[in-house]
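Hi everyone, thanks for making time this morning. I'd like to walk you through a structure that may be new to most of you, so please have a look at it on the screen.

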Amino acid sequence: MQARTNDDADVIVVGAGPAGSAAAHYCAAAGLSVLLLEKASFPRDKICGDGLTPRAVAELARMGVDPDTEDGWIRNDGLRVVAGGRRWELPWPDLAAYPSYGLARSRQNLDHTLAAHAQRTGAKLMERTAVTGPLLDERTGRVVGVTARPVDERGRRSGDEVTYRAPVVVAADGVSSRFALALGLEKRADRPVGVAVRTYFTTPRHQDAWMESHLELWDGKPQESNLLPGYGWIFSLGDGTANVGLGSVSSTPGRQSAQNVDYKDLFAKWMANAPAEWEFTPENQIGPVRGAALPMGFNRKPLYTRGVMLVGDSGGMVSPFNGEGIAYAMQAGRVAADAIAQARTRSHVGARERALERYPEIMSSELGGYYTLGRIFVRLIEHPEIMRLCTRYGLPRPVIMKFVLKLLSDCYEPHGGDWVDRVIAGLTRVVPAS
C-alpha cells in the first residue's frame, strides 16, 4: 500500500468521532501521513449517553489519553441497577483485561479531546470539511480518495469542491454513513436497531459515583400504572449536570417502525416520575430532548471493500446488550489502523489487499459471537412481559446478577476469569459470528 506521488496522504479518515480519531491516531503513530476530515468544528455536540465503560477506558489507555479528573473527567465505581421496585449497586468487575472503573464526559468534550490527541500524534485535522463522496479509479472501481467541500459553521457550502487522494479511506462518518451508501453498502434488515433520546439537567447529584440504569420505565407508580417500552440512564458528569436519557431496541428495523413510539413523550412521562432527589424538573433542564439511531451488531457489511474500511457507527458496532458504542468504535479504529500499517509493508498489490482484509476478519473474530448473543438477547427483551419477568424474578438471584453486570458493562475476561467469564466467552465461540 505504497502511496503514489500524487496522493495527499497515506490514509484519509472521514469523521473525527471516537472511531475516526482512534484510527487517525494509530495510523499516525505508525508513521503514516493522515488526513482527518470533520464536517463540523470543535467543540461540537453529539447525541450520546456520555458514559464510558471500563472497556472504553482500556481503549483510552491504549491510545495514551490521560483521563485526569482535573481535566473534566469523572470516574464511576459501577452500575446502579434499578428494576422491580429495587436497586442494586454493582461495582465494575475486577478483571485483568479491563480497569475496575468507568468514566463519564460529555461527547462535546470527549470528541474534541480525541481529535486533538490524534493531531498531536501527527494526523492533520481539517474541520468544516464535508466529504461529498468517494473518488473512484475509473479502471478498477477502487476508492482512491474523496471529494469534499468546505462548509461554514452552519454546514452550508462555503467554497468549491476539492479532491483528496489516498490509497486507503477509513469511513467513520456515523450511523447514516453517506460514504458507505455512495458505494452501495446498505444497512442490513436482520440486525437490531435502537433509538435513544437524551438531554441534560443541572442536579445536586452531579458527582454521583454510579452510572444509574433503569431497566424498567413507568408512567406512574409501578403498582398502579403501565410499564413503558425501553430503559433509562442517568450519568453524572461532575460539572453540575447529568446526562439523562432513555432508549429502546428492536430486533429488526421493521419491528421498530411498527412500534411507532413517541420517544419524547415517553421521556416526559419518565421524568414526571423520576426520583425526586435528582431534581429533574423543567426549570433544571438544559437544552431540548434530542434523539439518534443506534446501529447494532455489524448492521452494515462488508467492513472492508475496495480500499474502504467502515469503523464505528458506520459499520453498526453498537452493542445490542446496552447501546454502548464508544469502546467498539475505538477498538475498530485501532484494528483498522494496524491492518493499514501492515499493508504498507507488503511489496505487491495482492499481499497488501490480504493485509487490509484482515480487518473484518479480526473484528468478526473478536466481536461477531458477542453480537450474535446480543441479537438473541434483544429478541427476548423486546417483549415487555418477558422483560418484566426477568427483572422481577431473575435480577434478585446473585448468579443472574453476575451475568447482567458483565453483559451490561461489556466486560468479561475473554481468556480465563471466573466461571461466568468462561461461560460468556464459550458462548461467543459456539454461536455463529456472522
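I'll talk about a sheet, then the nonpolar cores, then one loop residue, and finally a pocket. Before we start, please keep in mind that this is a predicted model.

Let's begin with the sheet. Seven strands make it up, and the sheet is open, with mixed pairing. If you want to trace the strands across it, the order is 6-5-14-17-18-13-19. At the edges sit strand 6, residues 86–91, and strand 19, residues 285–295, and each of them pairs on one side only. On average, neighbouring strands here are turned by 20 degrees against each other, if we ignore direction.

Now zoom in on strand 5, residues 78–83. Strand 5 pairs with strand 14, residues 210–214, in the parallel sense, over five bridges. Which residue of strand 14 is the bridge partner of Val82? That is His214. Helix 11, residues 398–408, packs on the sheet, where this helix touches strand 5 and strand 6. The direction of helix 11 makes about 65 degrees with that of strand 6.

On to the cores. The largest nonpolar core has 86 residues, and those touching the most other members are Ile12, Met317, Ile340, Tyr359 and Met363. Helix 7, residues 326–344, gives the largest share of this core, with 12 residues. There is also a second, separate core of 21 residues, and among them are Val81, Ala83, Leu215 and Val249.

Next, a residue in a loop: Gln207, found between strand 13, residues 193–202, and strand 14. Is Gln207 buried or exposed? Its relative accessibility is 58%, so Gln207 counts as exposed, since the cut-off for exposed is over 50%. Leaving aside residues up to four places away in sequence, Gln207 touches Ile74, Ser236 and Gly238. Compare that with Ser248, which is 41 residues from Gln207 in sequence and 26 Å away in space, C-alpha to C-alpha.

Last stop, the second largest pocket. This pocket holds about 480 Å³ of space. Its lining has 22 residues, and nearest the centre lie Arg55, Ser365, Glu366, Tyr412 and Pro414. Which elements give two or more residues to that lining? They are helix 2 (54–63), helix 7, helix 9 (358–381) and helix 12 (419–430). Helix 9 supplies the largest share, seven residues.

That's my tour, and I'm happy to go back to any part of it.

Technical notes
Residues are numbered from 1 along each chain as its sequence is written. This is a predicted model: local features need pLDDT of at least 70, side-chain atom pairs count only at pLDDT 80 or more; totals for chains, interfaces and linings use all residues. Side-chain values use heavy atoms; hydrogens and water are left out. Two strands pair if DSSP finds at least two bridges between them. Helices (H or I, at least four residues) and strands (E, at least two) are DSSP runs, numbered from the N terminus. Axes are lines fitted to C-alpha atoms, for helices over the stretch in contact, and angles run from 0 to 180 degrees between N-to-C directions. Contact means heavy atoms within 4.5 Å. A nonpolar core is a set of buried Ala, Val, Leu, Ile, Met, Phe, Trp, Tyr and Cys residues joined through side-chain atoms within 4.5 Å. Buried means under 20% relative accessible area, exposed over 50%, partly exposed in between (1.4 Å probe, protein chains only). On a 1 Å grid over the protein atoms alone, a cavity is a set of points where a 1.4 Å probe fits but cannot get out, and a pocket is an open set with protein on both sides within 12 Å along at least five of seven lines; lining residues have an atom within 4 Å of a point. Grid points are joined across faces, edges and corners, and a volume is the space filled by probe spheres set on the points.
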